[in-house]
Amino acid sequence: MKELTKAEEQVMNIVWKLEKAFLKDVVDEFPEPRPAYTTISTVMRVLVKKDFIAYNTYGKVHEYFPKVSKEDYFKNHIGGVIKNFFDGSFNQFASFFTNSQNAGVDELEKVKKMLENKIDELKKKDE
């Protein structure tokens with residue numbers, strides 16, 4: 001899966017949020033000052049070429065929808081970060097994340113609980 005530029009990610013986040021949208025709908029979601037209509041149109045064409053979005057045509061108007069889910073993109077993107085910056089080690093990534101972020105005890109307890117639940121789930125699969 002190809003990576004998205006910052007502008008492409010901004011547009012994709014709007015398309016993911018709206019699920020189906022005409023170009024005008026996407027433009028309207030941007031805060032002021034909005035990028036030019038033609039700029040967003042160009043980004044949308046690039047996203048079609050990259051196979052991230054597709055569209056249905058109604059006369060001369062396109063209704064866009066995502067072809068890649070936000071979850072799938074995020075998984076792939078994070079996987080690339082772990083591979084490129086942490087030698088593919090989830091352990092190194094988790095260590096970096098917990099040591100460099102200002103995570104409080106409550107947040108770390110929630111992460112711990114999620115990890116414990118996942119470990120239990122995987123153990124039950126192996127039985």
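This is a short tour of the structure, to be followed selection by selection in the viewer.

Begin with the whole chain, keeping in mind that the model is predicted. Colour residues 1-88 as domain 1 and residues 93-126 as domain 2, which is how the domain assignment divides the chain. If you mark the centre of each domain, taken over C-alpha atoms, you will find 30 Å between the two.

Next, select the strands of the open sheet, which number 3 and stand in the order β1-β3-β2 with antiparallel pairing. Strands in general pair through backbone hydrogen bonds, and may do so in a parallel or an antiparallel way. The edges of this sheet are β1, at 21-22, and β2, at 53-58, and each of these pairs on one side only. Now look at β2 beside β3 (residues 61-66), where 6 bridges join the antiparallel pair; to see one of the partners, pick Y55 and then Y64 in β3.

Keep the sheet in view and add helix α1, which packs on it and touches β1, β2 and β3, while its direction makes about 90 degrees with that of β3. Then add helix α3 (residues 37-49), which lies across β2 and β3 and runs at about 115 degrees to β2.

Finally, show α1 (residues 6-18) together with helix α4 (residues 70-85), whose axes come within 11 Å and cross at roughly 145 degrees. Which residues meet here, between α1 and α4? Display the side chains of E9, N13 and W16 in α1, and those of K70, Y73 and H77 in α4, since these are the residues to look for at the contact. By type, the residues of this contact divide into 2 nonpolar, 2 polar and 2 charged.

Technical notes
Residues numbered from 1 in each chain as written. Predicted model: local features only at pLDDT ≥ 70, side-chain atom pairs only at ≥ 80, totals over all residues. Heavy atoms only, no water. Domains from an automatic or database assignment. Axes fitted to C-alpha atoms, helices over the stretch in contact; angles between N-to-C directions. Helix = DSSP H or I, 4+ residues; strand = E, 2+ residues; numbered from the N terminus. Contact = heavy atoms within 4.5 Å. Nonpolar A, V, L, I, M, F, W, Y, C, P; charged D, E, K, R; others polar. Pairing = 2+ DSSP bridges.
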